[in-house]
Amino acid sequence: MKPHPLTVLSAVVFVMFLVASSLAASPPRSSAPELVNRASPLPERSETVEINGSTTDATSFFGVAAAMDGDTVVIGAPEEGPVFQMGAVYLFERDLGGPNNWGEVIRLTAFDGEEEDEFGFSVALSGDTLVVGTNKEGGGAPPGAAYVYGRDVGGMGSWGLVKRLEAPLPAQDDDLFGSAVSIDGDVIVVGSFERNTAGVDNGSVFVFERNEGGADNWGQVAELQPDDGASNDQFGFAVSISGDTIAVSAPEHDPVGNNDGSVYIFERNQDGPDMWGQLIRLNALDPASDILFGYAVSLEADTLVVGHPLEDTMALRDGAVYVFERELGGPNAWGLLAILTAPDGTTGDHLGLRVHIADDILLAASVSDFVYGEDSGSAYLFQRNDAGTWTGVAKLFPSSGAASDFFGSSLTADGQTVIIGAAQAEGNDPDSGEAYVFELDIAFTDGFESGDFAAWQMVFPAP
């Protein structure tokens, strides 16, 4: 196992690196955009329901990954047994077992599961199709996989295996194929951020389409590479697809300094009919060494959200979230619309370790926030208004918690429902993990009108 934080098997463990980094961080950079009214009080909200897997145990890490579509949510528990770190995922349905209850539908494991597969490290859901990724490193071939499941495949109410996706040869044990997955309709994107293509650990991303190679088959149609890829870029560490656009992060890419980080936009038909080609590369406003821009990405329609958890805004490593808009600045451009921060952020909070956008709702995790103790975590909820401006709505955290819960390990939302994972919260067992449901139409009886919105937004350019 490599000691670098981007290659550890658990996403939660990376937070330990972030905390250590903040101790040696440089002062906030003077060129950061101006912050508006940071000191205003925060409206705070707690969950309406908690979710647990039926058989989670100590250190299952239930809640490391989550995805939601309509009334269905999937939650990964990548270190769950019975075989050491083999992993599992759980599917839940709204109102199953009673009104407003989230009842467990099924628990899935890989048919070929092995020790340290970490099945459920990444998940993605679109309609009746579920994608589950592994984070396998070592232990022999094959070097990771992504599993595609279909609703009602094998019987009503079942989720049956449709296809096991693998990277093409040549492949190595530490490619980490499946560590990041995303799906939109008939297209699946899989990251393999340690694949050796243009150099050692430069990374690759693979695109699969439904019915490619036969009816109901998922066949590979593209392997994506950046036009300036180099060794140790970790291209494919985070991926997100929406329509004909794919966002891919390379948090160790070196556009200016060492490990500045970059995010790449690819478009269908960019290099010819049905070809996926690179459109643009995005970077932090003020690139610097070891800032890992692009640790998390979330794309929907014309809006891209990028997590920047090592950004220095008003405190060391308090973190930030970048919001880009398509054609802001001209055709084919992705312009920086806003940089969002936590109004109560402090040193080492790492806002942006996880991000998620759903319609006009934006979520950003601050997993190291000291709510109930060190690394108990919180998340921030932003809303887009009719003018296209993102404004803060609330700070979310559990009604009870403890140090090292890592609330914000995963984020997902659909409509008025937000679900947030806490991978080391005390669920069925200590550190087994839990997920929390926030129903916004219940929590915000005033219709989202709460708090001083100006406190939540760092705007660019400064007013």
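Here are three short exercises on this predicted model, each with a worked solution. Residues are numbered from 1 along each chain as its sequence is written, and side-chain values use heavy atoms, without hydrogens and water. Local features need pLDDT of at least 70, side-chain atom pairs count only at pLDDT 80 or more, and totals for chains, interfaces and linings use all residues.

**Exercise 1.** Work out which strands stand at the edges of the sheet formed by β15, β16, β17 and β18.

Strands here are DSSP runs (E, at least two residues), numbered from the N terminus, and two of them pair if DSSP finds at least two bridges between them. Start with the order: β15-β16-β17-β18, an open sheet with antiparallel pairing. β15 (239–242) and β18 (276–282) each have a single partner strand, so these two are the edges. Now look inside: six bridges join β16 (residues 245–250) to β17 (residues 262–268), and Ala-247 has Ile-265 in β17 as its bridge partner.

**Exercise 2.** Classify the ring pair Phe-193 and Phe-237.

Rings of Phe, Tyr and Trp (its six-membered ring) pair if their centres lie within 6.5 Å; planes under 30 degrees apart are stacked, over 60 edge-to-face, the rest tilted. The centres are 5.0 Å apart and the planes sit at 75°, so call this one edge-to-face. Both residues are buried (under 20% relative accessible area; exposed is over 50%, partly exposed in between, 1.4 Å probe, protein chains only).

**Exercise 3.** Do likewise for Phe-407 and Tyr-436.

At 5.6 Å centre to centre and 65° between planes, this pair is edge-to-face too. Phe-407 lies in β27 (residues 407–414) and Tyr-436 in β29 (residues 434–439), so the pair ties together parts 29 residues apart in sequence.

Conventions
Helix = DSSP H or I, 4+ residues; strand = E, 2+ residues; numbered from the N terminus.
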